[in-house]
Amino acid sequence: MQTQRQKKSMLKTTLKVIRLRGFLGFYDGFTAAALRQMTCTSLRFSLYENGKHLEILENSNSMLNKLYVASFAGIVGSLVGLPMDVINVRMQNDMKYDEHLRRNYKSFMDALIRIPKEEGWMTLYSGGVAAVLKAAVGNCAQLAVYDQ
C-alpha cells in the first residue's frame, strides 16, 4: 500500500491482490525478505558481538567504541542486504504495472540473475546511501545503546 499511486483502502488492495495473483500473491517477495532477515540480522549481531571485544580498541567496553562497532556492523549488514531489498520491493510492486511493463520474476534467483544482466549490477544497490545510513544509525540505537 505504501507505493500506490492512487491510495485505496486495505480491503480494495486485498481484493486486487487476490484477483490478480491469487492468495499466494501476498507472498510475492517473501523469499527475498526472509533471506535478507536471515543473513543481515545474523551478520549484524555477529559482527557487533565479535567486534566489541577486539583488542585493537583501547577501551573495548566504552560507549564510543560500541557505537563505532555497531555502525560498522549495520553498514556491512545493509550492504549485504540491499540486493534482497531491491528484489523484494520489485517483486511486491510488479502487479501494479500493466502487463507489458511487468518484470515477471519467477523467483528470487531469477531476479538476482536478470537484474544485473539487464540493468547492470549497480541497480541492486539503488537507494543504497539512505539504506546504509539508516542501518548505521539504527544499529547504534538497537545494539550499542541497549548493550551499554
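In this predicted model, the axes of helix α3 (residues 63-93) and helix α5 come within 7 Å and cross at roughly 140°. That angle falls just outside the range for a roughly antiparallel pair, which takes over 145 degrees, so α3 and α5 count as oblique to each other. The crossing itself is right-handed. On the α3 side, the contact is built by Met 63, Lys 66, Leu 67, Ala 70, Ser 71, Ala 73, Gly 74, Ile 75, Ser 78, Leu 79 and Leu 82. Helix α5 answers with Gly 128, Ala 131, Val 132, Ala 135, Ala 136, Asn 139, Cys 140, Ala 144, Val 145 and Asp 147. Sorted by character, the residues of this contact come out as 14 nonpolar, 5 polar and 2 charged.

One of the α5 residues in that list, Val 145, is worth a look of its own. Val 145 sits in α5, which covers residues 128-147. With a relative accessibility of 48%, Val 145 counts as partly exposed, because the exposed class takes only values over 50%. Leaving aside residues up to four places away in sequence, Val 145 touches Met 63 and Cys 140. Arg 44 is 101 residues from Val 145 along the chain, and their C-alpha atoms lie 15 Å apart in space.

As for annotation, an unreviewed UniProt entry places the feature "repeat: Solcar" at residues 1-54 and 61-148. Across residues 61-148, the chain is 72% helix and 0% strand. The C-alpha atoms at the two ends of that stretch are 8 Å apart.

Definitions and conventions:
Residues are numbered from 1 along each chain as its sequence is written. This is a predicted model: local features need pLDDT of at least 70, side-chain atom pairs count only at pLDDT 80 or more; totals for chains, interfaces and linings use all residues. Side-chain values use heavy atoms; hydrogens and water are left out. Helices (H or I, at least four residues) and strands (E, at least two) are DSSP runs, numbered from the N terminus. Buried means under 20% relative accessible area, exposed over 50%, partly exposed in between (1.4 Å probe, protein chains only). Contact means heavy atoms within 4.5 Å. Axes are lines fitted to C-alpha atoms, for helices over the stretch in contact, and angles run from 0 to 180 degrees between N-to-C directions. Angles under 35 degrees count as roughly parallel, over 145 as roughly antiparallel, 65 to 115 as roughly perpendicular and the rest as oblique. A crossing is left-handed if the near helix is turned anticlockwise from the far one by less than a right angle, and right-handed if clockwise. Ala, Val, Leu, Ile, Met, Phe, Trp, Tyr, Cys and Pro count as nonpolar, Asp, Glu, Lys and Arg as charged, and the others, Gly among them, as polar. UniProt positions are given in the numbering used here, feature names are shortened, and annotations may be inferred rather than shown by experiment.
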